[in-house]
Every structure is written in C-alpha cells, then in structure tokens.
Amino acid sequence: MADSEQLGRTDDHPPTIVLDDVSRDYGATTAVDGVSFAVRDGEFFTLVGPSGCGKTTTLRLVGGFEQPTAGRVQLSGEEMVGVPPEERDIGIVFQNYALFPHMNVRENIAYGLNFTDPPDGQTKAERVDELLSLVDLDGMGERDPDQLSGGQQQRVALARALAPGPSVLLLDEPMSALDAELRERLRVELKDIQQTLGVTTLYVTHDQEEALAISDRVAVMRDGRIEQIGTPREIYHQPATRFVAEFIGDNNVFAGEIEEMDSKTLSVQLAGDAPTVVDIERPAEDRLSTELQTGEEILFCVRPESLVVGHEKNALNASVESTEFLGETTRVQLDWNGKPLLVHGDETVGERTSVGFDPKNAHIIERE
Amino acid sequence: MSSSGPRRTVRDRVERRALAVLAVITTLLLVGMFYYPVGAVFREAFIVDGRATLGLFLEFLRDPFYFGDLARLLRGDPLREVLPSLLSFERPSSIVGFTAYQAFLSTILSVILGVPLAYLLARYEFRGRRTLRSLTIVPFVLPSILVAVGFRATFSTNGPVNTALGFFGLGPVELLFTLEAIVIAHAFYNAPLVARVTLAAWESVDASAIETARSLGAGPFRAFRDVVAPQLYPSVLMGATLTFVFTFGTFPIVLALGDASLMTVEVRVFRLVERFDYAEAAALAIIELAISLTILYAYLRYEAKQTMQSRGARPLPRRPLRPPALTARELVPRIGLGIYSVVAFVLFVVPMVSLVIASLTTDGGSWTLDNYRFLLERQVEGAAFQVQPWPAIRNSLLFGVATLAVALPMGITVSVLTTRHYRGRKVVDVIAMAPLAVSGLIVGLGLLRGPVFGIEFGGYRLIIGGAIAIVAAHAVAAYPFVVRTVAPGLQNLDPRLVESARSLGASRARALVDIELPLVWPGVVAGAAFVFAISIGEFSATVLLATGTDQFTMPIAIERFIGRRLGPATAMGVVLLVVTSLSFIVIDRLGGEQRNGGL
Amino acid sequence: MRRRQYLTAAGATTVAALAGCAELQTPDDNGDDTGTDDTGDDGTTTDNGEETLVVSTYSSFLDAPSIGPGELVQERFEEATGATLEWEAPDGQVDHYIQRAQDGASIDSDLYLGVTTEDLVRVDDELDEPLFASGPSVSGRDDIIEGLNFDPEDRAIPFNTGYICPVYDSTETEAPETFEELREADHADNLIAQDPGSTVGLAFMLHTVYQYGEDEYLDFWADLQEGGTTILGSWEDSYDAWLGGEAPMVISYSTDQVFAAQDGADLDQHQIRFLDDQAYANPEGMAVFEQADNPGLAEQFLEFMLTPEIQGEVAENNVVFPATETAELSEDYAELAHEPPEPVTFDYDDLVGNIDEWIDQWDREIAG
C-alpha cells in the first residue's frame, strides 16, 4: 500500500492527481503494477524510465484513455473510474503532437474552446491570441500544421492543450522528436510556462537528464512498478535501488560485506578476487528501513565525479580502458579487477591509475 | 474540477451515448432484417427429417456436377484419373468451378478497366472531370435486364461494334451469349466499383510524400512505385475482392447474356428455391457464402496489415490532359489513356447509348417516342393498381436519401467498432460484411418468411413491411460499402488525434465528426455514392417488403413494364439512368472533393 | 446558377407530389401489413356494406404494356356485380401463397387467377392442407374445351391458354417442320430457347419430354446444344435477342402475330411453326383459396370470367386463347392467333412426382 510520502500528504492542499495501487493488465502481461503516487497542485511531476516500463500507460490511465484493471485514480479529489477523457479536465501533448491536419494553427488551438468557455470571460479569439503569444507563435495562426517546424508544432500542441485551462496537463514525451539543442531550449520554456500558469503537470520521458532538469519531483519506473519517488536531488544522490542508481546518471555500484562498523563508519569488504576493504559513511539511523548488521551483504554507489583520481581514501588500482571526451569533462572507463568503473579525468588509455573516494560520498542502496 | 471544469449539457450527454445507441440500432437492424431471416433459412440446411446433419453438404461436395474433379476425388476416384483434368486450365465444367472461374476473369477485367479510370480522374484535370467522376458509378445501379438490352444492342451481329470493326475490315466478333459477354458485363458493373475505391485512395495520397521521395533522388516512376502504389494496393485489392464476391454470386446477368450451359451457383440456388428445395438451396448458398467470406477474410487480413494513408494534408496536384510538352514522359501516359478511353467508350458508354437508342426506336429501327408516351399515359391514365412512373421515381429518391441517412451512420459506427483492437475483430468484420456475400435469393426468401409473413412471438405475429422496412433492408444491404470505404482510413488514423480531441472535451462521437470523418472524407463520399447506388438499384427486397404499388421503385417499374417488347421498360430505364446520374452529381457536389473541416 | 434553380424546382415538386400521394394509394394492400392505410377515395376500396373481392394474379396481367386485361376485368366485374375488386400481384405468384401457407401466415386473397399445372403440383408437394378449394360451383364450366382441364381434383378452372412453339423470321430462314429436323445442326443453330426457369422454357422442355419421353429428351437437347442453340434465362431476353437479329428463330407464343400486327411489323418476320403439327398448351386456371373470405363472390367471379364476352375480351387483351368453346373472338384476332392442329400438354397426373427430376436432369445435361 502507498505510504504517506508517496501520497504527498505533507502538503496542505489535497493532491490534484492521486493514483492508489493502480494496475493495468493486457491479458497475461502487466503494463502497470500497483502504482501509487500523488501530484500536488501546481507541481511538475515526471515519470521516467526505460521504454516499456509502463510510464506512458500510467499517463494514459490518468488521461482516461485506458481503464485500470485495479486501483483508483483521482483527479482533484474526484474518483475517475469510468469517467471518459473529455470529462477529466485535462490537456495532453503527445510525442507526435497529433495536431489536427485539416485545421490551421488557430483552429487547432481553438478546438477545445468548443466545449468550454475561455477562462476570465475572454472571447475565443482573445484566448487563442493569448496562447499564441504565450508559446511565442504570434501571427502564425493561419498556418497549416505541415508548414511548421517540429518545435513550432510542439508549441501549438501545448497551446492547444492549455487553451481550455485544464487543471491537469499531461505531457507524453513531447520533446523526444526534437534535436538536442531545441529540446534543451524548449524545456526551459516549458517549465516557464508551467510555472506561470501553475498548472499541475504530469510529464513522461525516458530521458533522465530532462527529468532531473525540469521536474519538482520524479518517479522512476521499471517493469510497471515505481522504483523511487523523490526530488531530482534525492533521486540523484540517494537512489533507493540499484536500478535507480544506474538509470539516473552515471554511477559506480559496489557490492560488499560489512566487516566492521562503528557509529560513523562502515568497513566494507568489496566483492571480488582481490580482497579490498573500503570505508564508507554510516547513514543516519532513520534513513534505512532495517538496521545494518556486521557480516551483512550491502550495495553502495559512488558517482563518477566523486571517484577521484589520486584520492587517498579508499584507493582502488585500476587501468584505463577507454575515454570519452565530453567537452567540460572526459568520461574515463577504468577496469578494476575486471569490474568497470567510471570516473571523470584526463587519463589516457592503457595507463594505470589509482582512484579513491571520500566515505561520505558513498551511498548505501537498500534494494537490488 | 467540478466547478471550473467544462459544462456538461444535455447535448453532451446525448453525444456521449451516441455511438453506443447507434451500435444498438445497427445491431437490431442487422439482426431483424438480415441475420435472423437469413439464419432461419440457413438453418434448414442442417436439418433433414428433423435431425441435425451435415449430410447435404457432403452430398454437394461429392457431386461432380457441383465440384467437378474435386468431388471425384472426394468420392474416391483415383488421383491419377482426376489429376490431369484438375490441373488443366480449361474452363471448369462444374458449377462451383465455373462460377469461381468466371468471377476470377471478371475480377481481372474489372481491375484492368477500373484502375486506369481512377488514374485519369485522380491525376488529370480536364473539363467535365468532376461530372465524369460523379457518373463513374452509374453502371452500378442499372438493372441487369437493361444492361442486357444495352449489351445485346452494342455487340449484336449487326450492332455498332461489329459495324465499326467491319469498317476497318475486322470482325465480326460473336460475343453474345458467351463467357466473354458475361465477363464484360460484369466488368461493366464492377470496373466502376474498382475505379471509385481506387480513386478515393489516390486522392488521399499526400503530395509531400512524393516530393520527399523525389528529393531523395527517385524518378517519377520510382516514386510512384515506392510511394503511391503501396497506398493504392489495398484499395485496388478491395475493389477486386468485392468484384469477386459479387460476380461469384452473379445471377441475372448470366441468365440474360449467357447461354444456359454457363450455370453459376446462384442460378442453381434459384432453381432449388423455385422447387421449394429450401434445405438444398440453403446448403448450396452456405457453400457459396463460405467461399466468398474466405476471400473477404483473406482480404481483411491483408488490409489490416497495410498502412494506408488516410487523407493527406495536401493531395497530389492534377496535370492538364493536354500535354504541356511533347516529351515521351508527357506523351506516353496520355496516349495510354487515349487507348483506354476508346476501350472504355465501347464498353461503358456505347451500351448505355444503345439503351437510350433502344428506347427511342421501333422494332423496325425507325425513331419513335411511343415508349415515353407509354410512360406518360401510364402516369396520367394508369389504373390505381398499376405501377406509375412518377411515384416510382419519387420513391426511389426518397428511399435512396433515407437509406443514406441510415446506412452512413451504420457503416461509420461499424467502422469505428471494427477498427478498435480486440480479439476476433476480423471475424466481426467479416460477419459485418456478410450482406455483401449472402445469396440475394436467400436474403429474399428470409425476408419473406421472416418480416413479411411475420415473426411469431407468443401468439403474436410481428409483421414488418412498408417504406420503413424497405429503407432498413436497403441500409442493411448497402452499409458494408461504407465500412469498406471508411474503415481502412480510420484504421490508419493516428489514435492520438482522437485522444487529443477528447482530452480537449470532445465526446467520442464529436471527435469522430470533427476529426476523423473529415480526414477520411473521400471514403465517406465514395461510400455514400455506393449506398445510394445500392438503394436505387435494389429490386428483390423492395418488391417483397412493399405493401402496395405506391411503394414501388424505378427498378420495379422497369420490371413491370416489361412486355413482349422491352421498349417501355427501356424507356423507364433511361429515366432511371437520368435520375441517378443527376443524383450522383448532386451527392458528389454536396460531398465536395476536399472538405475543410474544423471551424 | 441555372442548375441550382433547376434542382430547387425539382425539390419543390417532390414535396407537392408527396402531399398528393394519398390519392394515388392503391388498393392491393390487403391488410397484412403495418405500413399503409388504404382509405383512398378513388372508388376501388370498400364502402360500408359493399362486398370486396381480392383477386391475386401475376403482375404482367395488370402492368405489362403490351397486354394487361386487369383494368378491363375489374371494370366489367364491378359493373356486373356492384362489388369491389382489388388486385394483388405478389412477386412470387402462386409460390408466394404456398410459402404463406407453409409458414402459417394468413392468406387474405379470395382467388388466384393464373394457376398452372406445375403450380398445382408444387402446391400438393409442399402443403398437407389444401391451399385451394375443390369443386367450386360454377355454371358455364361445361363450355370449357375438354383437353384444357388439367386439375383432376377440380380446384383450378381453366380461363385461358397459350401455346408455345417456335416463332421465326421467314425472310431469314425456313423453319423445320418437325422436332427431328430441328435437332439438326443447321436449324438448331438458328434457335434461341429458354431454360426451364421461365414459363416458356419449361413448356418447351415439357414438350420435348412429351415428344421423346423422359429417357430421350436429353439427347434431343444435347443435339440442340451441340448444334448451337442459344439458351437464355427468360423469355423477355430471348425475344429481345431474336428481335435484335441474333438468331432467326425463338421459342415463343403462337399468338406472336397479334403483337406483330399491333406494332405494324412485317408478318413474314413473325411466322409460327408448329413442330410435328403440335404446340404445348399452357392453360391458366382460376382457383378459389380455401381461406377465402368471400367464396361466394369468388365463384361469381369465376362464372364472370367464363362468360363468352369476357372470355373473348380477356383472351384478346392477354394475347392468348380462350378456354371455352363459346368465347367470342374478333375475326382479326382469330386470323392472327394461331392454334396448333394438335395441342399437347401434360396434365397434373403426368407431372406430379416427375417435373422436378426432369428439370434437374436438364440442368445437369446442359450445364454439367
């Protein structure tokens, strides 16, 4: 069952989107498996995960395009089971934008205003103009969708979704068809618009970098389940599972056995042929669900930027396998006793080197 | 949300239920006017002397009269005796074999004659193009007796074709009462069908796809082969499939233009019904249906795998018919079209002109207006119990329009239902197509013994007849055309278009009307034309369900005006020709070539 | 613009005609429907207290342009009796009533005009209960030509007969004198015949059975087919093909010259040939339905139909021969309508149990 953090009950307002133990089966396969989360009013909430993890199905369950096989979906405090999409007060932008090809930009944006009055007593035309300028497409209203660039189409789709003033905005990989530069620019714009309007947003992406950059909170999904929910920082620095640790950014995950521990430090015998013992900081008592025991097998991770060449603590001798120049930094792949490690540095291939890390930069992962 | 959300009005609620309501009405109509009556007749094939059996089917399968060499094999004749004739390419002498054979040839010819017409209409601009486009399907509505009149006049030993051939020192061709005559007459009916569905697909090809191909270095032929043709195959194949199914069930044309040695399954069903062998008639009709549905099913499986473009944002521009330059690239296709139009003129136009001439001449060959005078006299002086021309025209048009109003929503509803993804939906699709494939005689028999005589319910007899029943029967017969012209387009629309519309507050029905239908509009218009054609041309159900001569239609008037000479019936046929031609022009004009949807 | 005006005008006419259609209602609606109410004021429907007779017949009796004694019969009968006559012409003819009886549907007609021997065979094959009443009391039936009585159970009273024989264009060919000559290739090639699905085709086929016996008639047909005879499905098609010059000889009616004279055609092109001096008679009878509401009036109708004057007029209008010795035919008519020296026909007892088999064998011979 959902715990209080997942349901976001720390906020005073009732959450705008609530999924409570929601599942969706297709015959024998389960696309969404007991998912629970809550999105607060005005929050930018992202579902991230590899393709096939169930994130899009989850979004479609919120939109009413799919019905859950089990569990409850609530929007603005109302039960949504059996409520069709058109009665959910949502706006949606799809990966391919799905602009109506037989309508021009203005007609596309105005379409939703056939079914609800524009907010604040505006006329339809005023509302469309307002949105055109919001998405920076002033004067493009008479164009046909196929005369627009990909980025412009995306903004039309966004404007169309926002025009009726929905309480929930659903974004299904809206950037993935765009090139990298445009994507970065648009996600800033998107975040701006979202904050200006304060519309509760559920965002689906497979791009973890985008998820971290744009979201208030992120849910990482895998095989139909949520692995972890948290702020981008929590997700990045305190991954709850090995999957999250490795999916979000580069990471080095170590397995080992607790040899000794005191109140501040754990000595961990790393798994592998060569016996190596490293010290890592003991996490605060309340962060872990179970108490650590001597002799216990544990996982912990160290980010590449924390694995420093020449660092004296916890030194590991490795050889340089390959390097990848990324501009700001160079990603170096090392081989340590047959296990790959990622560090940042300027080593050259074939060189032997020693890397180490500060015990406080090691983070214990609770689950495999 | 409840306070700030979209307002829900009564109309919204109606819209929300619209599709469900339509689906229920469609089902009721189909069950009442088709599945139940037909099922009741088919049931007899399985019951002999009160016991359930498949004996009749086995009997047919083992009778060489029906199944030829196949039956001989099933009967136990040794393979080596049967094989040589089984593998020969000669015309099969068995009824089922011959029926399939002539249907196959008819299909080939219909495609050969239909596709160039679609090409001409889709790719060239010329005076009268839209009118020609509208009139394409006129042959489809002509009662077979009139087609027979036109063909006999056109291809008779001293008819215009042989006269023209003689002028060039050729001929004469003895075409009448041969397999060739039947095949050509079938093409007369069905090539327009192939042309119309292919045209709808061709008009939906997006110019930008071709421009993309050309920009990638593809020559015009290559671009056609790689971009245009794949979008046409499904439609051409659909036209071919429907042609096969129709000609497999052919009946009056074979009787009128073929010799009795050319017996089709349906003619034999007719014979069996005539002598009240309902069980045998039903069994044979079921075999006929099974073959047709197998073909349809194969097509539907194929169709499902295709990615047909629903309407392109920008259709291909049409070229002038007059070549802009005297290059081979410009001239070759136009010369080809020139040759085609001579052939098409002889096969399509001359028979209809012959029909008009036949209505204006006496036996001796002199001009006369007597046949039209007869129509006027019958209108003015006819006894009350006689069929009169004007009510027949009026009824045909009213039933046609009413059938459109029923069959279009039915067909679109079924299209929506069969393009959703669920298990066995192809089976549902095939069953929904059954009205195209079931023996017309069996449908007639079923209607007679069901709705016309009355369906018994606990001591009451529910009798269904009159104008409403006629429209219902027409709609049931015609709606599959709408499904076939609309469903492939819907199938290939991005489902996110509808989802976007619904997220914006549109009901499912509203999204269908606002978004999907405008995007598959050429298919809707083509379907509408077929519906109207089917309704106008329908004879057997109408004559059974009419509760008075005041409900008779033009085809019935034609049939009733047959006398020793066919002149008066032919004159009525010309009236039918004119009325339906005008109607098709109106339908196409109302439908528009490209509709702009939206606001 | 002009086209539009034209169409508008047409539309307006539609409405006017619709409004006026109540007067055009026809009375052949006998109450077994739910669709119309036939309370027109055209004088053919029932006034209170007045008797109504519903007479069923084949549609060409009423509607065909070249014949059509329906109107005459109705007028004279209504004049003679003061009753009202309503016509019914179901598409299936007698079969329609057999089917109704089979399915337990009511029969609301009083009598059938145009029952043939084959019809009676089917009636008895298909129904256990009688469809038609036996032995109507009709004065004048002694006048009926002896050989025409075809119903041993005395249900159907003959009212006219046609004779089926070759009709040929003597400017093109000389017709054979006998069946044996006809089966030779040079004559066979000149003939257009019909299959037994049509009345004329059935009569001619029965004539060949009569001539050759059920063991050899198929050989005759095989010779015809071999020799190049064209066999079509309906008399109308074959006659039209014959008029169009496709072949100089067609199986048709011995009254052909009556039509030809009406049309002012050259009688040399419309010659009659009685093969072996025979022609197959196709007598048509009248039979009162067992369920008739008004059997008395129905019998009056039978008597009326047998009166010499009506016999003559109906025969001439229907372009057939009268069934009574006493019929009054005009001289012109008698001259043009040819009667065979030796009329032949199968009566009921000959056909019962055989006819289906003969047709089936024929199908298998010709189409197999």
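In which sense, parallel or antiparallel, do strand β1 and strand β3 of chain C pair? I shall answer that shortly. Please bear in mind throughout that this is a predicted model.

The answer is that β1 of chain C, residues 52-57, pairs with β3(C) in the parallel sense, and three bridges join the two strands. Within that pairing, C:S56 stands opposite C:Y112 of β3(C). Strand β3(C) has another partner in β9 of chain C, residues 278-288; here the pairing is antiparallel and extends over four bridges. One of the residue pairs involved is C:V115 with its bridge partner C:G285 in β9(C). As a general point, the strands of a sheet pair through backbone hydrogen bonds, and they may do so in either sense.

How many residues of β3(C) are buried? The strand covers residues 111-115, and five of the five are buried, so β3(C) is largely enclosed by the rest of the structure.

I turn next to chain A. There we find an open sheet of five strands, with antiparallel pairing, in the order β15-β19-β16-β17-β18. Its edge strands are β15 (308-309) and β18 (339-344) of chain A, each of which pairs on one side only. Strand β17 of chain A, residues 330-336, runs antiparallel to β18(A), with six bridges between them. In this pair, A:R331 has A:H344 of β18(A) as its bridge partner.

Let us now consider chain B, which contains 26 helices and six strands. Its C-alpha trace spans about 75 × 75 × 70 Å along the principal axes. Does the radius of gyration of chain B, and what would be expected of a compact globule, tell us anything about the fold as a whole? For 599 residues, a compact globule would have a radius of gyration near 25 Å, and chain B agrees with this because its own value is 25 Å. Buried residues account for 57% of the 599 residues in chain B. Of the contacts in chain B between residues at least 6 apart in sequence, 80% join residues at least 24 apart.

Finally, I come to the contact between chains B and C. It takes 59 residues from chain B and 63 residues from chain C. On the side of chain B that touches chain C, the elements giving two or more residues include α7 (144-155), α17 (389-419) and α26 (567-591) of chain B. Which element supplies the largest share of that side? It is α7(B), with four residues. By character, the residues on this side of chain B divide into 32 nonpolar, 15 polar and twelve charged.

Conventions. Residues are numbered from 1 along each chain as its sequence is written. Chains are lettered from A and ligands numbered from 1 in the order in which they are written. This is a predicted model: local features need pLDDT of at least 70, side-chain atom pairs count only at pLDDT 80 or more; totals for chains, interfaces and linings use all residues. The radius of gyration is taken over C-alpha atoms; the globule rule is 2.2 Å times the number of residues to the power 0.38. A residue is buried if 20 or more other C-beta atoms lie within 10 Å of its own, exposed if 12 or fewer, and partly exposed in between; C-beta atoms are placed from the backbone. Two residues are in contact if their C-beta atoms, placed from the backbone, lie within 7 Å. Two strands pair if DSSP finds at least two bridges between them. Ala, Val, Leu, Ile, Met, Phe, Trp, Tyr, Cys and Pro count as nonpolar, Asp, Glu, Lys and Arg as charged, and the others, Gly among them, as polar.
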